[in-house]
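Visitor: I am new to this structure and should like to be guided through it. May we look at it together?

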Protein chains: 2
Amino acid sequence: MADKITPRSEDYSQWYLDVVQAAKLADYSPVRGSMILPPNGYALWENMQRVLDGMFKATGHQNAYFPLFIPQSFLSKEAEHVEGFAKECAVVTHSRLRTTADGTGVEPDPASKLADGENLVVRPTSETIIWDTYSRWIQSWRDLPILINQWANVVRWELRTRLFLRTMEFLWQEGHTAHATEDEAVEETLRMLDVYTEFAEEYMAVPVIRGVKTASERFAGAVDTYCIEALMQDGKALQAGTSHFLGQNFAKAFDCTFQNKDNELEHVWATSWGVSTRLIGALIMTHSDDQGLVLPPRLAPTQVVIVPIYRKDGEKETVMEAVAEIERELRVAGVRVKTDAREAYRPGWKFNEYEVQGVPLRLAVGPRDVKNNVVELARRDEPGKESVPRDQLADVVTDTLSQIQANLFARAENFRQQKTTTVDTYDAFKEAIEQGGFVLAPWDGTPETEARLKEETKATIRCLPLESDPHYDPTEGVDMLTGQPSKQRVVFARAY
Amino acid sequence: MADKITPRSEDYSQWYLDVVQAAKLADYSPVRGSMILPPNGYALWENMQRVLDGMFKATGHQNAYFPLFIPQSFLSKEAEHVEGFAKECAVVTHSRLRTTADGTGVEPDPASKLADGENLVVRPTSETIIWDTYSRWIQSWRDLPILINQWANVVRWELRTRLFLRTMEFLWQEGHTAHATEDEAVEETLRMLDVYTEFAEEYMAVPVIRGVKTASERFAGAVDTYCIEALMQDGKALQAGTSHFLGQNFAKAFDCTFQNKDNELEHVWATSWGVSTRLIGALIMTHSDDQGLVLPPRLAPTQVVIVPIYRKDGEKETVMEAVAEIERELRVAGVRVKTDAREAYRPGWKFNEYEVQGVPLRLAVGPRDVKNNVVELARRDEPGKESVPRDQLADVVTDTLSQIQANLFARAENFRQQKTTTVDTYDAFKEAIEQGGFVLAPWDGTPETEARLKEETKATIRCLPLESDPHYDPTEGVDMLTGQPSKQRVVFARAY
């Protein structure tokens, strides 16, 4: 694990990796591109899961589980889908290992080779196996809608990986819903985009732009891909979640029909939507600083850490008694609190450890504090410490946690505002892209212009903001390159 | 899905599959041996997870996540481990698919074949990758103990599969702990066996025998495997959970050492322990009947279903108002309750549906009930229904749920008692095994006798009961086959 965190100004990429490792959020594994989530990283994911799962259930969804392995033939049933995923699939071809001839290792047993055409693909996403299943589950309008979510691991064979942002295996949730009408499916797609927006902004304290992707950035097999886009501290955009309206594409590929109320057969309408452990990357890159991780209180596994301070045995008893009482009181107030009473480590070491790990609030309690009926409180998001009267502690702690949550969001929103530019000419565009951030600019709507802009500036169209998003800008103008008419300004950025 | 459930007396195996499908707990997938968990089955697993996860955390464990893929070379580092798992491994050998020459399908792209020795195995269990990681995480006694659990999917290539009991992919948890001393590791192994026992008996209402496995049934790589064994209604035993004391085997294989307080290097001591979706099979086979699933209230996703009954529009309003009030009241009382207000289905159809699905309590509310201030209550575990005064409903419901939980356990324990025989001669043994159930018999402690008994009777030694288990029987005797001395009676049964 890194001992020192590289400053952002020196090397942003290295800073990110240093924070991830110093805060023990992820670790490399012996398989290239695979990642280990140690307890700190996984606890954060568990908290995200808990909140999202509650939001999914509150909007009528149920969880289910579909197999890890997909017959390779399934992938090719939807033409665009196979195009999008065939090139990054882990393929299982054998079912046994045997000892090598020299006895020193193992190798796939040739006798266990799967028959031609029977190879299995490790799911890169589950539309195919789920729509094969839905075609058996759905007969009548009475079976609709199906509103299912799955928490799972998926594998996409990536060559250039980066912890959390792009890994071969990642953890995610994938919603897959089936509807009787197009309207209902579109409504569901947008509902889930709203859920993601609420989660990003209210829990992660990460402001996002809500929009629709261009054809070239669409999910392979979707009619429309909606997304939330966040801005990282280095001025690069990060796609934080997507919600796809799949039309009848998968229903047609897997022959999934239902008898409507008029006894006619129709194809089912579909959506899918997902967020992944990538969100942890977004969280880190939005809030953290050169001292390490900064966590929003609503998702922090530990919101408050208490560090007891004493030297002599008599002091220990007094301090530990006070600490136990404080911990109990905060727990009752609904705070996720822990006491670090380890004697193998000194208080100063612990202060540093929890700063690096991003615990929002630190309390220190020494003999003098006990005597004076105060507790020393330090915020992770602001420098300094204050002395809080013991009898006001629970209120001050819960208030301060709310303030930190609000402060992180405000800071991130302010940063985004400063890094969002509106331009109309190509020169201004290139300069703005070079400086980083979101750039709102006209576009003629053609994939050719989009490709040329990407080639020349490495910027991509992150999305066309939805009318309900504050970044929606229906100013009619002309394309910066072609002079052709533009219906609205779209959001460009260099992206992860 | 099956319309009719085959009676147990007619065909027990078919009955089991019928119940699983009729209650929508699992479904077959296009990949042989893989299973789909529809919402009903997954909700049950979620409840099990929630309870177990709480018990793990209460005993000091944290969750983490390790990669799905393991380098094939890792498997061969522990000699017995590779012996146990090499023959049932899914092996990934390619990283891309390409379109076949005739353009009709896809196949592994030969250009993407992994280099010799770089193939990946889909984890059948995670000891190897975890101990490789621990060898990097652990340096000093200060880093110990590590108490980690993982919720994950694993794959074991099984040819003969059965829903829940034996599938190629299954969901489970695997605990992997690292300790400074042998005593501490043994203590942890037994602590987790106690956790599993409490979960099986207090939540699943499944009585279990706690014991230690013979060498031939030990986990591949363990020094000792402890287990809990349950008895199914057909008289067959089912291993419901295992906790392994791994000694220093994996620490030695992966060179995992720590500096002790005297600055000496020692190998770390290890445990691992797991339960899987197999528990759902145990639950079904312990409690269910010819009408379908029977669920213990403490794990039932829905504990109480309310079915409103009305014919005319005026009745509907009255009934739905009363139903909403009842649902609210029960929810406040902490009951997992749902109302089935669907108009596409008749009450009689719903009664049948929830009986098949094993909902512990059903309430029916009609206009006359509202008028008379009563509610009709029917228990899933006993025939008949009763009329409960409206103002006593919440108390009666919570009491009845407790009674059902206790009744299911008592019934299962009574069944087990009737099906447990103590014998001393081989003739009596063979007859008892033929009749099904647990058979306590002497054994000379040799694998040869164990193997011969298995061959001749298809019975295996399920375990040597621990001293703390009521089935512990230290009667000294002589082996039924060899006449050699036996130190205690051991538990035999035919098993799943």
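Guide: A term is needed at the outset: a residue is called buried if its relative accessible area is under 20%. Please note also that this is a predicted model.

Visitor: Which residues of β17(A) are buried on one side, and which on the other?
Guide: Strand β17 of chain A spans residues 304-308, and five of its five residues are buried. Both faces of the strand are thus covered. On one side lie Val304(A), Ile306(A) and Pro308(A), and on the other Val305(A) and Val307(A).

Visitor: What is the bridge partner of Ile306(A) in β18(A)?
Guide: β17(A) runs parallel to strand β18 (residues 337-339) of chain A, and three bridges join them. Within β18(A), Ile306(A) has as its bridge partner Thr339(A).

Visitor: Through which helix does the chain cross from β17(A) to β18(A)?
Guide: The connection is a β-α-β crossover, and it is right-handed. The helix on this path comprises residues 313-332 of chain A and is α9.

Visitor: Which residue in β19(A) stands opposite Val305(A)?
Guide: Strand β19 (residues 361-365) of chain A pairs with β17(A) in the parallel sense, over five bridges. In β19(A), the residue opposite Val305(A) is Arg362(A).

Visitor: What kind of axis relates chain A and chain B?
Guide: A turn of 180° with a shift of 0.0 Å along the axis lays chain A on chain B, with an RMSD of 0.0 Å. Therefore the relation is that of a two-fold axis.

Visitor: Which residue of chain A comes closest to the rotation axis?
Guide: The C-alpha of the residue in question lies at 2.1 Å from the axis. Among the residues of chain A, the closest is Val92(A).

Conventions: Residues numbered from 1 in each chain as written. Chains lettered and ligands numbered in written order. Predicted model: local features only at pLDDT ≥ 70, side-chain atom pairs only at ≥ 80, totals over all residues. Heavy atoms only, no water. Buried < 20%, exposed > 50% of the residue type's maximum accessible area, 1.4 Å probe, protein only. Helix = DSSP H or I, 4+ residues; strand = E, 2+ residues; numbered from the N terminus. Pairing = 2+ DSSP bridges. Right-handed = clockwise from strand over helix to strand, strands pointing away. Least-squares fit on C-alpha atoms with pLDDT ≥ 70 in both.
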